[in-house]
Amino acid sequence: QVQLVESGGGLVQAGGSLRLSCVNTGSTFGVKEMGWYRQAPGKQRELVATISTVGSPTYADSVKGRFTISKDSVKNIVYLQMNSLKPEDTAVYSCKAAAYNYKGTLNDYWGQGTQVTVSS
């Protein structure tokens, strides 16, 4: 079973950078896509960026040009490099993996989340 552990969150000033990491410590069987999502207080969770098994990334409009998602397939890690951070990027960032099980069902697996706080 997929097991995701995030790290790299913290407090940073506006304009600064952070790199989040998400390591899959469990099974990589059937993983189709991994992504980062975020949820700010009082708001719904939103997609930040995704990357497929073939490496094709997608980004939310709000982070295009500032954030970069990448992966190390050997170490089973997905990174989110966040540059030019803004106070509105403050949120809990969570990693998600979409993986097929042996029955062919696509399931979502989530990490515990990591807090990112950007001060003005």
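Let's start with a hollow: the second largest pocket has a volume of about 150 Å³. Keep in mind as you look around that this is a predicted model.

**Stop 1: the second largest pocket.** Select Arg38, Gln39, Ala40, Lys43, Gln44 and Glu46, then add Ser62, Arg66, Glu88, Asp89, Thr90 and Ala91; together they line this pocket. Try colouring them by character: you'll get six charged, four polar and two nonpolar residues.

**Stop 2: the largest pocket.** Now move over to the largest pocket, which holds about 220 Å³ of space. Its lining has 14 residues, and the ones to click are Val31, Met34, Lys71, Ser73 and Asn76, which lie nearest the pocket's centre. Which strands help build this lining? Strand S4 (31-39), strand S5 (46-52), S7 and S8 each give at least two residues. S4 supplies the largest share, with three residues. Colour this lining by character too, and you'll find five nonpolar, six polar and three charged residues.

**Stop 3: the open sheet.** Switch to a cartoon view and follow four strands in the order S1-S3-S8-S7, an open sheet with antiparallel pairing. Select strand S1 (4-7) and strand S7 (67-72): these are the edge strands, each with a single partner, so one side of each has no neighbour in the sheet. Going from one strand to the next, the twist averages 15 degrees.

**Stop 4: a pair inside that sheet.** Highlight residues 18-24 for strand S3 and residues 77-82 for strand S8; they run antiparallel and are joined by six bridges. What stands opposite leucine 18? Click across to S8 and you'll land on methionine 82.

Methods. Residues numbered from 1 in each chain as written. Predicted model: local features only at pLDDT ≥ 70, side-chain atom pairs only at ≥ 80, totals over all residues. Heavy atoms only, no water. Pairing = 2+ DSSP bridges. Axes fitted to C-alpha atoms, helices over the stretch in contact; angles between N-to-C directions. 1 Å grid on protein atoms, 1.4 Å probe; cavity = no way out; pocket = protein on both sides within 12 Å on 5 of 7 lines; lining within 4 Å. Points joined across faces, edges and corners; volume = space filled by probe spheres on them. Nonpolar A, V, L, I, M, F, W, Y, C, P; charged D, E, K, R; others polar.
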